[in-house]
Amino acid sequence: MDAERIDPLTVALEQLRTTAERIDLDSNIYEILKYPKQSLVVSIPIKLDNGKVSVFTGCRVQHNDARGPFKGGIRYHPDVTLNEIRALAMWMTWKCAVVDIPYGGAKGGVCCDPKELSKEELERLTRRYVSALMDIIGPFRDVPAPDVYTDEQIMAWIMDTYSRFKGYSVPECVTGKPIILGGSEGRTEATSRGVIICVRETTGRLGLKMKGATVAVQGFGTVGWNAARIAYDMGCRVIAVSDSRGAIHCEEGLNPYKVYEHKEKNGSVVDYKGCENVTNGELLELKCDILIPAALENQLMKATAGSIRARIIVEAANGPTTPEADKILQEKGVFVVPDILANAGGATVSYLEWVQNLEREHWSLEEVNRKLESKMLKAFNDVYETATKEKSDMRTVALMLGIGRVGEAIKTLGIWP
Ligand code: NAD
């Protein structure tokens, strides 16, 4: 399926405009929120293993920090654009407010194909990128985290580079680190655990049982694979998963742990024994109780929304549904849990990691999961109850809640000078 070229920033700005109207946001505050506070675009020259130099483009966008320091992932992908990162930074601002953690929103990206780079090249790229951001990141300024094609090893190199510049170890400058370097228990699967909390709460409200509920997951990276295995552990029947090379489907249900081993060995989920290969487009149109998009933006689009047969969609990815598709899904009665609520578990445990680092503490997995559960449940209930009361959809209400809180914070701080 070809992704329609929809600019995520256009979507994010339109969401802001309609929400500002709905909540009667002060027009001066609306003006402020339309723009990032700061965007830095940098050139990153890297010596490749063959001795040649290649120059990559990277950026960091800091949207708004009225509620606390900037926070947001770093994405390595060939399709990264400044507009995409601007949209993701804005969504991060709303997300932190919805789940009520004291952060503002940021995002970073480097336009590169990490699959084409060796580990040594990736390390040089990461260190040079961080060195270019030194003036604008830091534990009380802007705290990066993992996103698409960046993992805990990359976070370790970020910590090391930042610390070498400072002259002392600063674990609190980045989250999503390996546990040995002060990473939090439960961080790797936190986004997925939050997604499955939303699945559990939604099925409960709609009178569906988790046990035996059919689930399809698009994307089998950090978020998709962990969501599939947690759903499986809770008794769901995972009938399809996919990655950038294709999808697999098995109506009787597949074992995500075995599929993970197959992907580790073969580089993709496709050709897994006992499943039929299907396309990513076909996966999205499968009849299932719960569809979890966990790949990239603009996957559920106007052209295909009419063919979606899932009862519930829980958006693990950021921006997977275009606004036109969203309207069609609403008309069809599909229950959508929006990204800024559904995938907020990652930001939440990043916050918990930062707090542990600042306090030089290390909490047990049980403690981290208890705090995550409490934050996610409160946010879900806040959004669900208002949506029910106002006869509105979950996305509209989550945006109203997030943007409303940020607006209130700006108003209270005042506009300096
Ligand atoms: P990842 O790099 O670990 O995995 C991405 C997966 O998507 C890979 O399996 C890749 O093969 C697959 N993919 C790429 N293009 C695809 C396509 N066209 N169709 C199907 N699959 C495709 O990334 P991740 O960290 O799992 O992030 C996935 C999504 O979740 C992103 O939208 C990201 O912004 C969002 N997210 C991640 C976190 C986090 O903590 N990592 C937190 C919040 C939101």
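**Exercise 1.** How much space lies in the second largest pocket? Identify the residues and elements that line this pocket.

*Solution.* The model is predicted: local features require pLDDT of at least 70, side-chain atom pairs count only at pLDDT 80 or more, and totals for chains, interfaces and linings use all residues. Residues are numbered from 1 along each chain as its sequence is written, and side-chain values use heavy atoms, with hydrogens and water left out.

Step 1. On a 1 Å grid over the protein atoms alone, a pocket is an open set of points with protein on both sides within 12 Å along at least five of seven lines, whereas a cavity is a set of points where a 1.4 Å probe fits but cannot get out; lining residues have an atom within 4 Å of a point. A volume is the space filled by probe spheres set on the points, which are joined across faces, edges and corners. The second largest pocket holds about 400 Å³ of space.

Step 2. This pocket is lined by 17 residues, of which Thr18, Arg22, Pro323, Asp326 and Thr396 are the closest to its centre.

Step 3. Helices (H or I, at least four residues) and strands (E, at least two) are DSSP runs, numbered from the N terminus. Helix 1 (8-22), helix 11 (323-332) and helix 15 each give at least two residues to the lining, and helix 1 gives the most, namely six.

Step 4. For classes, Ala, Val, Leu, Ile, Met, Phe, Trp, Tyr, Cys and Pro count as nonpolar, Asp, Glu, Lys and Arg as charged, and the others, Gly among them, as polar. The pocket lining comprises four nonpolar, seven polar and six charged residues.

**Exercise 2.** Describe the cavities of the structure.

*Solution.* Step 1. There are two cavities of 30 Å³ or more. The largest has about 50 Å³ of space, and the second largest has a volume of about 30 Å³.

Step 2. Residues lining the largest cavity include Val11, Trp91, Asn298 and Arg395. Its lining has two nonpolar, five polar and two charged residues.

Step 3. The second largest cavity is lined by Gln15, Trp91, Asp339, Ile340, Arg395 and Leu399. Helix 12 (339-342) and helix 15 (394-413) each supply at least two of these residues.

**Exercise 3.** Describe the surroundings of the ligand.

*Solution.* Step 1. The ligand is surrounded by 23 residues (each with a heavy atom within 4 Å of it). The closest are Asp147, Tyr149, Thr222, Val223 and Asn318.

Step 2. Polar contacts are pairs of N or O atoms within 3.5 Å; within protein, one must be able to donate a hydrogen and the other to accept it, and residues adjacent in sequence count only if both atoms are side-chain atoms. A side-chain N or O atom of Thr191 lies 2.9 Å from an oxygen atom of the ligand. For Asn280, a polar side-chain atom is 3.2 Å from a ligand nitrogen atom.

Step 3. By class, the shell around the ligand has nine nonpolar, ten polar and four charged residues.

**Exercise 4.** Is Thr202 buried or exposed? Treat Ile180 in the same way.

*Solution.* Step 1. Buried means under 20% relative accessible area, exposed over 50%, and partly exposed in between (1.4 Å probe, protein chains only).

Step 2. Thr202 is part of helix 6 and counts as buried because its relative accessibility is 0%. Its side chain reaches the backbone oxygen of Cys198 at 2.6 Å.

Step 3. Ile180 is placed in the loop between helix 5 (152-166) and helix 6 (190-205). Ile180 counts as exposed because its relative accessibility is 80%.
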